[in-house]
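Welcome, and please have your viewer open with the cartoon and the side chains ready to switch on. We will go from stop to stop, selecting a few things each time.

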Amino acid sequence: MLNTSENYKDYTILYVEDETIVRSNVQVCLNYIFNVVIAENGKEGLEKFSNEKVDLIITDINMPLKDGISMLKEIRDINPTIPCIITSAVDLDIIEKIKSLGVSKCIAKPFDMKDLLNCSMKVLDSI
């Protein structure tokens with residue numbers, strides 16, 4: 001069950017996803033609880049991270065222009081402790097790469113929106 005008693009609107013999530021329908025649907029759901037900044041790819045995600053106060057990053061891995069792993073590597077140079085949740089169809093090679101980036105959680109696609117919301121709140125509660 002979702003616990004919305006805390007004021008999660010004080011938190012800003014950067015959500016990076018290249019699939020328009022997925023990005024739009026997830027943005028609508030996340031906006032009920034959090035402030036959300038969206039980006040269509042890792043390049044735009046890095047730009048938005050540099051210009052916004054972000055508390056949590058939720059990102060896909062496979063995207064055009066800059067993938068999620070490349071984006072996270074650059075973000076880790078700026079802020080090595082920012083929490084991150086990966087949403088992707090992940091294989092074993094990818095899991096090894098993201099472990100070194102300090103990813104908080106990896107959620108396989110397709111994911112249940114309630115799981116993503118609960119995971120986001122748990123990660124934010126821990127900071």
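Begin by selecting β1 and β3, which pair in the parallel sense over four bridges. Strands here are DSSP runs of E with at least two residues, helices are runs of H or I with at least four, and both are numbered from the N terminus. Two strands count as paired if DSSP finds at least two bridges between them. To find one of the bridges, pick Ile 13, whose partner in β3 is Leu 56.

Before going further, a word on what is on screen: this is a predicted model, in which local features need pLDDT of at least 70 and side-chain atom pairs count only at pLDDT 80 or more, while totals for chains, interfaces and linings use all residues. Residues are numbered from 1 along each chain as its sequence is written, and side-chain values use heavy atoms, with hydrogens and water left out.

**The whole sheet**

Now colour the strands. You should see an open sheet of five, in the order β2-β1-β3-β4-β5, with parallel pairing. At the edges lie β2 (35-39) and β5 (105-107), each of which pairs on one side only. Turn the view to look along the sheet: from one strand to the next the twist averages 20 degrees. (Angles run from 0 to 180 degrees between N-to-C directions, and axes are lines fitted to C-alpha atoms, for helices over the stretch in contact.)

Step from β3 to β4: these strands run parallel and are joined by three bridges. Select Thr 59 here, and then Ile 86, its bridge partner in β4. One more step takes you from β4 (residues 84-87) to β5, a parallel pair with three bridges. Thr 87 has Ile 107 of β5 as its bridge partner.

**Inside β3**

Show the side chains of β3. Which way do they point? Leu 56 and Ile 58 point one way, Ile 57 and Thr 59 the other, and all are buried. In a regular strand, side chains alternate between the two faces of the sheet.

Centre on Ile 58, which sits in strand β3 (residues 56-59). Ile 58 counts as buried because its relative accessibility is 0%; the cut-offs are under 20% relative accessible area for buried, over 50% for exposed, and partly exposed in between, with a 1.4 Å probe and protein chains only. Leaving aside residues up to four places away in sequence, Ile 58 touches Ile 13, Leu 14, Tyr 15, Val 16, Leu 30, Ile 85, Thr 87, Leu 116 and Ser 120. Contact here means heavy atoms within 4.5 Å. Try a distance label between the C-alpha atoms of Ile 58 and Leu 14: they are 6.1 Å apart in space and 44 residues apart in sequence.

**Thr 87 in β4**

Next, move to Thr 87, found in strand β4. Is Thr 87 buried or exposed? At 0% relative accessibility, Thr 87 is buried. Its contacts, again without residues up to four places away in sequence, include Ile 58, Asp 60, Lys 109, Phe 111 and Leu 116.

**Two helix pairs**

Select helix α1 (residues 20-31) and helix α5 (residues 113-125), whose axes come within 11 Å and cross at roughly 50 degrees. The two are therefore oblique to each other; angles under 35 degrees count as roughly parallel, over 145 as roughly antiparallel, 65 to 115 as roughly perpendicular, and the rest as oblique. At the contact, Val 26, Cys 29 and Leu 30 in α1 meet Met 113, Leu 116 and Leu 117 in α5. By class, that makes six nonpolar, no polar and no charged residues. (Ala, Val, Leu, Ile, Met, Phe, Trp, Tyr, Cys and Pro count as nonpolar, Asp, Glu, Lys and Arg as charged, and the others, Gly among them, as polar.)

Now swap to helix α2 (residues 42-51) and helix α3 (residues 68-78), which pack at an angle of about 15 degrees with their axes 9 Å apart. That makes α2 roughly parallel to α3. Gly 42, Gly 45, Leu 46, Phe 49 and Ser 50 in α2 meet Met 71, Glu 74, Ile 75 and Ile 78 in α3. The residues of this contact divide into five nonpolar, three polar and one charged.

**Last stop**

Finish at Leu 65, in the loop between β3 and α3. Leu 65 is exposed, with a relative accessible area of 70%. Its phi is near 70 degrees, a positive value in a residue other than glycine.
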